[in-house]
Amino acid sequence: MATRSIKKVAVLGSGVMGSRIACHFAGIGVQVLLLDIAPAELNEQEKKQGLSLEDTAVRNRIVNAALAAAVKSNPSPLYAKEALELITVGNFTDNMPDIGDCDWTLEAVVERLDIKRQLFDEAEKYRKPGTLITSNTSGIPISLMAEGRSDDFKKHFCGTHFFNPPRYLRLLEIIPTPSTDPEVIAFLMHYGDLHLGKTTVLCKDTPAFIANRIGVFAMMHTFALVEKIGLTIDEIEALTGPVFGRPKSATFRTADVVGIDTLIKVANGVYEHCPDDEARNSFVIPGWLQQMADNKWLGDKTGQGFFKKIKGEDGKSVILALDLQTNEYKPRTKPKFAALEAAKPIEDLPARIKALMQGKDKAGSFFRQFHYGLFSYISHRIPEISDDIYRIDDAMKAGFGWEIGAFESWDALGVEHTVNKMKEEGYPVANWVMEMIQNGCPSFYSVENGKRLYYDVGSKSYRPIPGSEAFIVMKNFENQVVWKNSACRTYRLGDEVLGLEWNTKMGSMGGEVLEGIQRSISLAEKDFKGLVIANEGQNFSAGANVAMIFMFAIEQEFDELDMAVRMFQQTMMRARYSSIPVVVAPHGLTLGGACELSLHADKVCAAAETYTGLVETGLGLIPGGGGTKEFTLRAADEMHEDEPETITLKNRFFTIATAKVSGSAAEAYRLGILKKGRDETVINQGRRILEAKKSVIELYDSGYQTPVQRKDIKVLGRSALGALYAGIYGMQQAGYATDHDALTAKKLAYTMCGGDLSEPTPVSEQYLLDLEREAFLSLCGEKKTLERIQSVLKTGKPVRN
């Protein structure tokens, strides 16, 4: 495994999956050869241009169009646009010999066995022996594709099933055949995890593999409950979304995105090829669903499915939902259930699911029957689709976006208690679960010394999850808590390193979080090598506690507000100037105050999917926790003699003024939030906390010294202030900025220029912090700022005023 490296990949097929898989490989720095068929005839535009079928532009038209469509898609399949330069395009006829230079050839053409076999016939002529050859099939048996191939082909062949979109859905199913070399399997499992950032799940070559088998069952089971309990589409969407740890797309919106024809195809495939599945009848297509397919109401691909977008009388888009009783589209409704309302305030997901299961209304009935059916089904899939329970949970979390796996949910509800309830309701449970309980193993998972164990059905004992040594999960250190408050936990992570996490709504940073940072640093300075700051929520943090700012401002409690802003600034400076290394490991949304924390850390180990920026101007404020100061400091350090001094300051100013947020960690470097040579991008989000811990130890062992506060920051005063004010005026006159936007921008410019100084002057960090805080407080007294904050608290978005 150590001798194999991937420098160039060939992707055969440039459709929705192929083009995006190519983009993902390019995004991690791998050269890609992307091929597709050459057109059989000219289109009208090519005829007008006088082109022939022999012209390269014509021969590569299909692959070029597919790649262009992928690059334009939102969200972007690339971490950074520059990665596109690593992709070379071609066609099967002219460029198949070029795969001889590739270390991995990945097939991603249409789901037809005959076409895949024909393509492999050609690929085998040119592929270099010993190189990887895999298929991205979502369900065709891997063994059928391997039939008739050479021994070397078979040895290096398996299924590598990516999920769409490949950059964002973290699942990569690895499906070997009996002929696949174990070294190839081990390499792909490791490479997918470390380099592609995937949760790699080893699957058996069974229909639909793991994620689609369980995921489609969950959908079909939900459809059955719709009819049994009498629920509407809008009611199901409310019940099966984030409230119980599923994506916002819930059930029916997910079906529209995937394609109702695709859903039916997978369900029919399981029904046809799994005669011994005890829940086989769950995959029978309901009449109303088949009618939708016959009507070509297939979802997004045909413009209507369970939902349909139309133009309202006012010209604005309106979303309608299908009434399954009348087969007509009707305006959407916001259903209310007592069980839902009671559970929503509960932050802890396992506790929330427990509360939902206890509901006495239709919602409670749905949650009980949904989970009982799901638990019954997964128990019977061991060992058919997997020998190990954790692979099923991993597949569903990484492939379908479930926050909590099915076996994890079962644990949260109590295994034995739930089994008894399932028996009462007539849901069968596999024998191995009963044996597990009888053998004194009360749960599917347990934790020992910070390591997560799973119940191994074969040995009837708990075993460590393979590969878990590369991951640190904070909650697994519950018996190593050294300090806590109602929001934060500080853990011993081993090797003399502390870890701090907090659990607040959207990871917001209020007084208790600031206390947690300060106390954790003090503890680390006393007895440890350093501190890692991270968490395992959906996002790292959406920033400071806006509700607290609003409360102080609306009640004119400016002394309290001043104290709160000072505390935030002091906490950020404490992170920068402590006597131990502080490493932050963000992921997902890392906005406002969380971005400021990253700016002040000794190092940032950011997940590739980190969306970070100083967004305060959207609220009519400026960054007040040291972010404005830090951008001014960095602008001063970036000034070069061979260019106007105002250039770097102007760039930094507009990054804040326009509230730019990076679309990835790669973009955060370009925005000047992350620093090359200091910070690190971790492709696999699950590895970032361990990498941060390693960084703490490395910084400490290399002789970490407390930095010295800066007093030499060159600010430009009036010489830059006039230029920035002119730019603000131009934006305002062009209609890009409201009067309040302009006021906010001027306060920002004043701070970043060091005030109304007559000439460029060296100043201290504290000088800039004082200006920053003064501007922040003055903007908090503005009516339009309060209107924006109130709008965010009510709707999640600031009003443009």
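**Close-up views of the predicted model**

**View A. A cis peptide bond precedes P75.** P75 is placed in the loop that runs between helix α4 (61–72) and strand β3 (87–91). The structure shown here and in the views that follow is a predicted model. Residues N74 and P75 are joined by a peptide bond in the cis form, with omega at about 5°.

**View B. A cis peptide bond precedes P383.** I382 is linked to P383 through a cis peptide bond, for which omega is about 5°. The loop that contains P383 lies between two helices, α17 (362–380) and α18 (389–399).

**View C. K296 has a positive phi.** Although K296 is not a glycine, its phi is positive, at about 65°. This lysine belongs to the loop between helix α14 (287–294) and strand β9 (307–311). K296 counts as exposed because its relative accessibility is 55%, above the 50% that marks the exposed class.

**View D. K460 has a positive phi.** The phi of K460 is about 55°, a positive value in a residue that is not a glycine. K460 sits in the loop between strands β13 (451–456) and β14 (461–464). With a relative accessible area of 43%, K460 is classed as partly exposed.

**View E. Helix α29 and the strands that its buried residues contact.** Helix α29 spans residues 688–701 and comprises 14 residues. The distance from its first C-alpha to its last is 20 Å, close to the 20 Å expected at 1.5 Å a residue. The buried residues of α29 are R688, I689, L690, E691, A692, K693, S695, V696 and I697. These buried residues pack against β17 (497–502), β18 (530–533), β19 (582–584), β21 (603–607) and β23 (680–682). After the helix comes G703, with a positive phi near 90°.

**View F. The crossing of helices α27 and α31.** The axes of α27 (residues 646–657) and α31 (residues 739–752) come within 10 Å and cross at roughly 145°. The crossing of α27 and α31 is right-handed. On the α27 side, the contact involves L649, R652, F653, I656 and A657; on the α31 side, it involves A745, L748, A749 and M752. By class, this contact has eight nonpolar residues, one charged residue and no polar residues.

**View G. The surroundings of D121 in helix α6.** D121 is located in α6, which covers residues 113–126. The relative accessible area of D121 is 39%, so this residue is partly exposed. D121 and G148 are 27 residues apart along the chain, and their C-alpha atoms are separated by 9.7 Å.

**View H. C23 and C488 in a structure with zero disulfides.** Why does C23 form no disulfide? The closest cysteine sulfur to that of C23 belongs to C102 and is 16 Å away, too far for a bond. For C488, the closest cysteine sulfur is in C595, at 19 Å, which is likewise too far for a bond. A pair of cysteine sulfur atoms must lie within 2.5 Å to count as a disulfide, and the structure holds zero such pairs. C23 is buried, with 0% relative accessibility. C488 is also buried, with 1% relative accessibility.

Conventions:
Residues numbered from 1 in each chain as written. Predicted model: local features only at pLDDT ≥ 70, side-chain atom pairs only at ≥ 80, totals over all residues. Heavy atoms only, no water. Buried < 20%, exposed > 50% of the residue type's maximum accessible area, 1.4 Å probe, protein only. Helix = DSSP H or I, 4+ residues; strand = E, 2+ residues; numbered from the N terminus. Expected span 1.5 Å × (residues − 1). Contact = heavy atoms within 4.5 Å. Axes fitted to C-alpha atoms, helices over the stretch in contact; angles between N-to-C directions. Left-handed = near helix turned anticlockwise from the far one by under 90°. Nonpolar A, V, L, I, M, F, W, Y, C, P; charged D, E, K, R; others polar.
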